[in-house]
Each structure stands twice: as C-alpha cells, then as structure tokens.
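I opened this model to note, entry by entry, what I looked up in it. My plan was to begin with exposure and to go on to charged pairs, ligands and contacts.

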Amino acid sequence: MGKVLEGKIRAFFEKLDSLLEGYFQAHKAYICCRAGCSSCCEKGDYPVSELELKYLMQGFIELDSEKKLIVQKNIKTMQRGEACPFLIENLCSVYDYRPIICRVHGLAYICGNDTVKLPYCANEGKNYSSVYKDREVFINPVKDNLDTPSLLKNFDYGEIRNLYDWLKP
Ligand code: SF4
Ligand code: SF4
C-alpha cells in the first residue's frame, strides 16, 4: 500500500474513531465492551473491503515475528464463520489497523433499510441486553448508518468479502 493512501486511511480512521467514541460514550449505560472480551472476534464473517484488507495487512507486516507466526498458523487452521486469525490471547493483534466492522461493532445503529443493527452479544447478556427484548430495542439507536459502504463512500474501496474468502481464496 502506498504511503499517501495509507496516510489518508489513517486520517479517516482517526476521524471515525473520534465519532464512534462519542457514540459509545452516549450509550455507555448499555455497553460492556472491554479489553479481553473477545467473543465478537471468535465467531463471525468479518466483511472487509479490499482497501481495508490492504491496511489490515500493513498491520500484519508490522507485527513482531512471534505474532506473525501465530497469525500465519491461525490462517492455516481458520474455519469459515469462526475465530478471526488476528485474535491472539483474546486481544486484537492489529488493533490500530482493524477494519470498520470491528470498530463499529458493539453499537446499535440504523442501517440502510431503516432496520436497527445490534451486536449479537445483546443475546448473551452483554451490550444492550437491558434494553432489548423480543427482537425490539427500547432506546434510540445511533442515527448514522455505520455500515462499511456507507462510511467508505468517498473511497474507491473495491470489493467487500468475508475475511475467510480474502485469506483462503
Ligand atoms: S461487542 Fe460484545 S462481545 Fe464484543 S467486546 Fe463488546 S461486549 Fe464484548
Ligand atoms: S481484526 Fe481484530 S478486532 Fe477485528 S475481528 Fe479480528 S481480532 Fe477482532
């Protein structure tokens, strides 16, 4: 990835993170995300655009050799819909380079077709579980559409595929 593009994405993520921080803060009464709580990285599809994948792999390049080996081993044994190979000891090894889906996950927001997207851990007694019942959420969700195509609309972001399909074509 070229330095100019990398800089643009870094600046975009800095802006996005500060926007998301405000949303997480506004919903803090319903949120229990913390370092080490990683069940959202242990099961899922992790849809990622081509652009984000390049940035993610930049994060991989910057890992020390021991972590690189762990991730490579994880990719070899990776199963569709199961743990993300970048997860090491319940922590994201490429945290600063993680894609949009990982940054917005945890929030309840309104997506394109006016439906509310909730983190699945609402069903596990975690985020929003106190205000979620019978497929209804009893608070105002974030009004921005935080889906990847919507947030990346000013970038030529390429195709979106699940992480498994990028890493094990
Ligand atoms: S989204 Fe849910 S599973 Fe993921 S860190 Fe937050 S509380 Fe934990
Ligand atoms: S990239 Fe990091 S935050 Fe995203 S699913 Fe993988 S381990 Fe979790």
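**Entry 1: exposure and backbone angles**

Before looking at any residue I wrote down the cut-offs: a residue is called exposed when its relative accessible area is over 50%, buried when it is under 20%, and partly exposed in between. I also noted that this is a predicted model.

I then looked up Arg-135, which is exposed because its relative accessible area is 76% and the cut-off is over 50%. Arg-135 lies in the loop between β6 and β7, and its phi is near 65°, a positive value in a residue other than glycine.

I found Asp-134 in the loop between β6 (132-133) and β7 as well. Asp-134 is exposed, with a relative accessible area of 68%, and its phi, near 50°, is again a positive value in a residue other than glycine.

**Entry 2: salt bridges**

I asked how many salt bridges a search of the whole structure finds. The search finds eight, and I wrote up some of them in detail. As a reminder to myself, side chains of opposite charge can pair when their charged atoms come close.

I began with Glu-6 and Lys-3, whose side chains meet in a salt bridge with an N to O distance of 3.5 Å. Both residues lie in helix α1 (residues 3-26), where they are three residues apart, about one turn of the helix. I checked the exposure of each partner: Glu-6 counts as buried at 4% relative accessibility, whereas Lys-3 is exposed, with a relative accessible area of 66%.

I next looked at Glu-82 and Lys-43, whose side chains meet in a salt bridge at 3.0 Å, N to O. This pair links distant parts of the chain, with Glu-82 in the loop between α3 (65-77) and β2 (87-88) and Lys-43 in the loop between α1 and β1 (47-49), 39 residues apart. Glu-82 is partly exposed, with a relative accessible area of 33%.

I then turned to Lys-117 and Asp-147, which form a salt bridge in which the closest N and O atoms are 2.9 Å apart. Lys-117 lies in strand β5 (residues 116-117) and Asp-147 in the loop between β7 (136-137) and α5, so the pair ties together parts that are 30 residues apart in sequence. Lys-117 is partly exposed at a relative accessible area of 36%, while Asp-147 counts as buried at 17% relative accessibility.

I also noted that salt bridges sharing partners join Lys-3, Glu-6 and Arg-10 into one network.

**Entry 3: ligand surroundings**

I asked which residues surround ligand 2. They are Cys-41, Tyr-46, Cys-84, Phe-86, Leu-87, Cys-92 and Cys-102, and by class this shell has seven nonpolar, no polar and no charged residues.

For ligand 1, I listed Cys-32, Cys-33, Cys-37, Ser-39, Cys-40, His-105, Gly-106, Cys-121, Lys-126 and Asn-127 as the surrounding residues. These divide into five nonpolar, four polar and one charged.

**Entry 4: contacts of single residues**

I looked up Ala-108 in the loop between α4 (100-104) and β4 (109-110), and found that Ala-108 is buried, with a relative accessible area of 0%. Leaving aside residues up to four places away in sequence, Ala-108 touches His-27, Val-116, Lys-117, Leu-118, Pro-119, Tyr-128, Pro-141 and Val-142. I followed up Val-142, which is 34 residues from Ala-108 in sequence and 6.1 Å from it in space, C-alpha to C-alpha.

I went on to Thr-148, whose place is in helix α5 (residues 148-151). Thr-148 is buried, with a relative accessible area of 9%, and, not counting residues up to four places away in sequence, Thr-148 touches Glu-52, Ile-100, Ile-101 and Ile-160.

My last look-up was Lys-168, found in the segment after α6 (163-167). Is Lys-168 buried, exposed or partly exposed? At 26% relative accessibility, Lys-168 counts as partly exposed. Its contacts, again not counting residues up to four places away in sequence, are Ile-75, Lys-76, Thr-77 and Met-78. The C-alpha atoms of Lys-168 and Gln-79 are separated by 9.5 Å, although the two residues are 89 residues apart along the chain.

Terms used
Residues are numbered from 1 along each chain as its sequence is written. Chains are lettered from A and ligands numbered from 1 in the order in which they are written. This is a predicted model: local features need pLDDT of at least 70, side-chain atom pairs count only at pLDDT 80 or more; totals for chains, interfaces and linings use all residues. Side-chain values use heavy atoms; hydrogens and water are left out. Helices (H or I, at least four residues) and strands (E, at least two) are DSSP runs, numbered from the N terminus. Buried means under 20% relative accessible area, exposed over 50%, partly exposed in between (1.4 Å probe, protein chains only). Contact means heavy atoms within 4.5 Å. A residue is near a molecule or strand if one of its heavy atoms lies within 4 Å of it. Ala, Val, Leu, Ile, Met, Phe, Trp, Tyr, Cys and Pro count as nonpolar, Asp, Glu, Lys and Arg as charged, and the others, Gly among them, as polar. A salt bridge is a side-chain nitrogen of Lys or Arg within 4 Å of a carboxyl oxygen of Asp or Glu.
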